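Here is a short, friendly tour of a protein model. Have the sequence and the 3D view open as you read.

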Protein chains: 2
Amino acid sequence: MKVAELQLQLHLQQHKHHREREETQLCRKLRMGVADLSLPISSAVDVCDKVEGEDLFVPPLNFAMVDNGIFRSGFPEPANFAFLQTLGLRSIIYLCPEPYPDTNMEFLKSNGIKLYQFGIEGHKEPFVNIPDDAIREALKILLDVRNHPVLIHCKRGKHRTGCLVGCLRKLQKWCLSSVFDEYQRFAAAKARVSDQRFVELFDISSLKHLPIPFSSSKR
Amino acid sequence: MKVAELQLQLHLQQHKHHREREETQLCRKLRMGVADLSLPISSAVDVCDKVEGEDLFVPPLNFAMVDNGIFRSGFPEPANFAFLQTLGLRSIIYLCPEPYPDTNMEFLKSNGIKLYQFGIEGHKEPFVNIPDDAIREALKILLDVRNHPVLIHCKRGKHRTGCLVGCLRKLQKWCLSSVFDEYQRFAAAKARVSDQRFVELFDISSLKHLPIPFSSSKR
């Protein structure tokens, strides 16, 4: 009985923060309604278990795997925490100057995840100015496998995250057209020539001595 | 001296097939010109080694990592072979009915990569008909870690590949809005409601007993 109550509480809490994804939302609300009104708690949980779509994960906006042990996304909200737990993250590289929200800090603490913050301003074109040194320091953290699995994120996972991943791809010796193709896939209509120019001009020679985590997943 | 000649031959061969990426192309041609006309072979190779951008990898169109040991892309061409070698692939899941080209078959043979072909026709809307059974069989191959690292591809890595990855995400318990978000990132302007409806209706209950490779990369 206690487990059932806890499960329901968890459901309700997940609910509170989960505003954006109306589709899943609606589906859960419907089930909640059934559970609350017409059945005792234990049976309600039974119903939940049988309903297709139970315990669905909600990856953060623009989430993707970059390489072994490296992920990227937009800003994670509490609805994403259950999913993020499945990644077993060791660290997060956060690319905005704004302080990390308390709820996110609590999630990090309770999961032993280290936060590396590089406060890059989110200017809009034509005033974009990605600081070379911040990206360079972030790259060193990113390349250090002791920090893996690591999640890189900014606000929407498009520009600042796109620049950092772009520089990683250069280190991985991807040709520029492929680097830009990937950048544009995430930035879509918001793609910026200035970001792509930054990646093109970024000098990787001082980082070449670092061991580069490779896509290779040979077993 | 022999090594240098082989390296040049390799360059020339890579060239022959590498038509799409003009940017990299142009850069290589320029270097080739220098190598062929003004320097003896050994010095030419020296020059190549020093030029930034040497030995750049060209991932296939729409290439991305899906999860540990799982990759997706459009149709790989010879220009992509050097990159694909870094993935250490064990198998390829090919989702088109057309026979695999000889050059690609040779690449597979010389790298010990197994080909699993599921001939799904590439119909256009409103005549799209993704065969449920082919996707189901492909999923079983995809979930079998003995086949990893595995590359899924069709022609452009948008529709057929998008459907298979979408069904994998359902098995990984992603909510539908996130599954569709990922589908749309690769299909972009070519996104099809019919593909997304297929993924939504795809019944995963018969596959739930299979072990699901998870994003978790805990060390």
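Does B:Asn62 count as buried or exposed? At 8% relative accessibility, B:Asn62 counts as buried (buried means under 20% relative accessible area, exposed over 50%, and partly exposed in between, with a 1.4 Å probe and protein chains only).

A word on the model before going on. This is a predicted model, in which local features need pLDDT of at least 70 and side-chain atom pairs count only at pLDDT 80 or more, while totals for chains, interfaces and linings use all residues. Residues are numbered from 1 along each chain as its sequence is written, chains are lettered from A and ligands numbered from 1 in the order in which they are written, and side-chain values use heavy atoms, leaving out hydrogens and water.

**Chain A as a whole**

Chain A has 9 helices and 5 strands (DSSP runs numbered from the N terminus: H or I of at least four residues for helices, E of at least two for strands). Along the sequence they follow the pattern α-α-α-β-β-α-β-α-β-α-β-α-α-α. Of its 219 residues, 53% count as buried. Chain A exposes about 10,700 Å², and carbon and sulfur atoms supply 56% of that area (Shrake-Rupley method, 1.4 Å probe; for residues, only the protein chains shown count as cover).

**Backbone details**

Some backbone angles deserve a look, and the table gathers four of them.

| Place | Angle | Location |
|---|---|---|
| A:His148 to A:Pro149, cis | omega near -5° | A:Pro149: loop between α6 and β5 of chain A |
| B:His148 to B:Pro149, cis | omega near -5° | B:Pro149: loop between α6 and β5 of chain B |
| A:Lys173, not a glycine | positive phi of about 70° | loop between α7 and α8 of chain A |
| B:Asn62, not a glycine | positive phi near 60° | loop between α3 and β1 of chain B |

While B:Asn62 is buried, A:Lys173 is partly exposed, with a relative accessible area of 39%.

**Strands of chain B**

Strand β1 (residues 64-67) of chain B runs antiparallel to β2(B), joined by 3 bridges (two strands pair if DSSP finds at least two bridges between them). B:Ala64 has B:Arg72 as its bridge partner in β2(B). The hairpin of these two strands has 2 residues between them, and B:Gly69 there takes a positive phi near 75°.

What does β2(B) pair with in the parallel sense? That partner is β5(B), over 4 bridges, and B:Arg72 has B:Ile152 as its bridge partner there. In a regular strand the side chains alternate between the two faces of the sheet. Both faces of β2(B) are covered: B:Ile70 and B:Arg72 are buried on one side, B:Phe71 and B:Ser73 on the other.

B:Asp67 lies in strand β1 of chain B and is buried, with a relative accessible area of 1%. Its side chain makes a polar contact with the side chain of B:Gln172 at 2.6 Å (a pair of N or O atoms within 3.5 Å; within protein, one must be able to donate a hydrogen and the other to accept it, and residues adjacent in sequence count only if both atoms are side-chain atoms).

**Helix α6 of chain B**

Helix α6 (residues 132-143) of chain B has 12 residues and reaches 16 Å from its first C-alpha to its last, close to the 16 Å expected at 1.5 Å a residue (1.5 Å times one less than the number of residues). Its buried residues include B:Ala134, B:Arg136 and B:Leu143. Among the elements covering the buried residues of α6(B) are β2, β5 and α9 of chain B.

Key. Contact means heavy atoms within 4.5 Å.
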